[in-house]
Structures are given as structure tokens and as C-alpha cells.
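Colleague: I should like to learn how to read features of a protein structure. May we work through one case together?

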Amino acid sequence: MSRIVYVNGEFLPEEEARVSIFDRGFLFADAIYEVTPVLDGRLLENEGHMARLERSLRELAMPAPMPVSEIAALMEELVRRNDLREGSVYLQVTRGAADRDFLYPEGATPTLVMFTQARDVRETRASRVGLRVVSAPDLRWGRRDIKTVQLLAASMAKQAAHDAGADDAWLVQDGFVTEGSSNNAYIVTRDGTIVTRQLSNDILHGVTRASVLKLASEAQLRVEERPFTIAEAQDAAEAFMTSASAFVTPVVEIDGVKLGDGAPGQVARRLREIYLDSLAEAG
């Protein structure tokens with residue numbers, strides 16, 4: 001049986017899904033998205049994702065296709081129809097279809113599409129052995145706090161990392177790490193302080209980031225929000241990244257330099273365990 005997707009009011013087999021060639025998401029990347037993880041058939045931290053969706057809509061003056069409470073209900077129905085136990089739900093909102101013009105169209109109906117992806121999220125190879133990352137210049141636009149579908153620069157960085165035999169890229173601007181190609185980046189200094197870049201327009205305001213930093217504080221781990229360099233990261237005791245689809249994942253090598261003994265660090269392992277425990281308690 002084919003996957004069931006959602007397109008503008010209809011649940012359809014994926015083969016029957018259609019969006020206009022005049023959709024501004026296709027023509028201008030005039031669209032935003034969210035990815036919510038699913039574990040044991042349950043959407044995780046979706047309130048945070050819906051709040052960020054609303055913020056992205058406001059920042060782009062983009063009409064909402066419907067209240068986010070209704071979108072969340074549709075996501076739950078999509079999980080049910082696909083019998084998804086573990087993976088994620090992707091949703092995308094565009095400004096809608098109109099004849100090609102740089103100006104925002106008046107009266108266009110927003111497009112809403114959603115689909116599920118089945119994948120392991122609780123136990124992954126990356127969480128067990130860690131990621132090897134390489135640095136890459138941050139070529140993205142200046143409003144990375146808005147979760148848009150303008151992902152070509154991130155895709156280029158991730159492909160370059162893959163071609164170099166690494167797992168991902170950490171993006172660098174003005175000498176400092178902004179974030180990963182699709183995740184927030186952290187180091188743990190030799191005195192045990194967790195360091196990650198502060199919130200601004202330069203990075204995505206990660207839902208998982210917010211939860212992990214709160215849990216770290218509750219666990220009495222020191223947290224410092226500031227930029228750091230690749231050189232500082234290479235000298236750190238350990239490093240890790242966070243995202244909705246990867247939770248907390250250790251980083252064990254940066255630009256060919258192994259961190260510590262080259263194995264996932266204690267802080268990253270502990271934070272992943274604490275985070276997974278918090279998700280179970282929330283259920």
C-alpha cells in the first residue's frame with residue numbers, strides 16, 4: 001500500500017498528489033516547513049513546532065492555511081493513516097499559486113502539504129558512534145531564524161561533506177560556527193561547560209535546542225551561549241548536535257581532528273538519555 005499524504009484538504013496516495021507549477025514555493029522558495037519527530041506513534045514536542053510555524057508565518061507576512069490546532073490534528077490523522085510508529089511528519093506551507101511575480105499575490109490561497117517518513121530515531125548508528133563533520137562557509141541568507149525551504153546552500157554543504165567522506169558540515173561565518181547544515185551545534189569545553197551560539201537571526205531557533213538546554217540546566221550542567229571557532233571546537237573535550245530528527249547526536253571529529261578518544265562523549269550521551277526520558281515522561 002502506498003504512503004498517504006495530505007494536500008490542500010485531501011488525504012491521498014502519494015502517486016496522486018499534485019501542486020500547481022505556479023506555486024510560489026516552487027517558483028520562489030516562498031514557503032516554510034516543520035519536521036516533527038514521531039516515536040511510538042506519537043508526535044513529539046509538536047506544540048513547539050506549531051509555535052515556530054506561527055512565528056515563521058508572521059515573519060513572512062504569510063497567511064495561515066488554517067489554525068495551527070487544526071494542522072496538528074491533521075498531522076495526528078496522517079500518522080494514524082500511515083500507521084507510523086517511528087519517524088517524522090514533514091509539513092510545508094507556501095504562499096500559494098499565482099502567475100509569476102516577485103510581489104506577494106493578493107488573494108492567493110496558501111498551499112499546505114504534509115507527508116510521513118519512516119526511519120529510526122530512538123536508536124541510530126550516529127548516536128552510537130558519533131558524527132564526523134567538516135567546516136564549510138555559511139552561504140545562506142540572513143534570516144536563518146525563519147524555517148524556510150531555501151535549503152540549497154545547506155544541501156551543497158551537506159553534499160560537500162559527504163564527498164569528503166564526512167557525515168555533515170558545520171557552517172562558518174566571520175570565523176565562527178553558526179550551526180550545522182541542518183542542526184544546532186555545541187561543544188563541551190575541557191572544564192565541562194556546554195557552549196552553543198546564542199539565538200539571533202543567524203541560526204534556527206531549534207525546538208530540540210530549547211528543550212535540551214533546559215534539561216541541561218536542570219541537570220546542573222553549565223551552559224554558555226556564545227559563538228565558538230573551529231579551532232576551539234577541535235580543542236574541546238567533546239561536541240554534539242541537536243535536531244528534531246536526530247535528538248542529541250555526538251560529534252567525534254571536526255576537520256579531521258578527533259575529539260578526545262574519538263568516541264561519543266559523556267555529556268552528549270547523558271543529554272541524549274535525559275532527553276529521551278523526558279519525551280517518555282511527556283507521553
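**Contacts, exposure and the sheet**

Modeller: Let us begin with contacts. This is a predicted model. Leaving aside residues up to four places away in sequence, Arg-143 touches Arg-55, Glu-59 and Asn-201.

Colleague: How far apart are Arg-143 and Asn-201 in sequence and in space?

Modeller: In sequence, 58 residues separate Arg-143 and Asn-201, yet their C-alpha atoms are 5.2 Å apart in space. Arg-143 belongs to the loop between strand E7 (131-137) and helix H5 (152-163).

Colleague: Why does Arg-143 count as partly exposed?

Modeller: The class between buried and exposed runs from 20% to 50% relative accessible area. Arg-143 is partly exposed because its relative accessible area is 22%. Phe-22 is also partly exposed, because its relative accessibility is 40%.

Colleague: Where is Phe-22, and which patch does it help to form?

Modeller: Phe-22 lies in the loop between strand E2 (10-13) and helix H1 (24-28). Together with Ile-21 and Phe-26, Phe-22 forms a nonpolar surface patch of about 360 Å² of accessible area.

Colleague: In what order do the strands of the open sheet stand?

Modeller: The order of the six strands is E2-E1-E6-E5-E3-E4, with antiparallel pairing. E2 and strand E4 (42-43) are at the edges; each has a single partner strand, so one side of each lacks a neighbour in the sheet.

Colleague: How many bridges join E3 to E4, and what packs on the sheet?

Modeller: Strand E3 (residues 31-39) is joined to E4 by two bridges, and the two run antiparallel. Leu-39 stands opposite Arg-42 in E4. Helix H2 (residues 46-59) packs on the sheet and touches E3, E4 and strand E5 (86-94). The direction of H2 makes about 180° with that of E3.

Notes: Residues numbered from 1 in each chain as written. Predicted model: local features only at pLDDT ≥ 70, side-chain atom pairs only at ≥ 80, totals over all residues. Heavy atoms only, no water. Patch = residues over 30% accessible without salt bridge, like charges linked within 9 Å, V, L, I, M, F, W, Y side chains within 5 Å. Areas by Shrake-Rupley, 256 points an atom, 1.4 Å probe, with all protein chains shown as cover. Salt bridge = Lys/Arg side-chain N within 4 Å of Asp/Glu carboxyl O. Helix = DSSP H or I, 4+ residues; strand = E, 2+ residues; numbered from the N terminus. Buried < 20%, exposed > 50% of the residue type's maximum accessible area, 1.4 Å probe, protein only. Pairing = 2+ DSSP bridges. Contact = heavy atoms within 4.5 Å. Axes fitted to C-alpha atoms, helices over the stretch in contact; angles between N-to-C directions.
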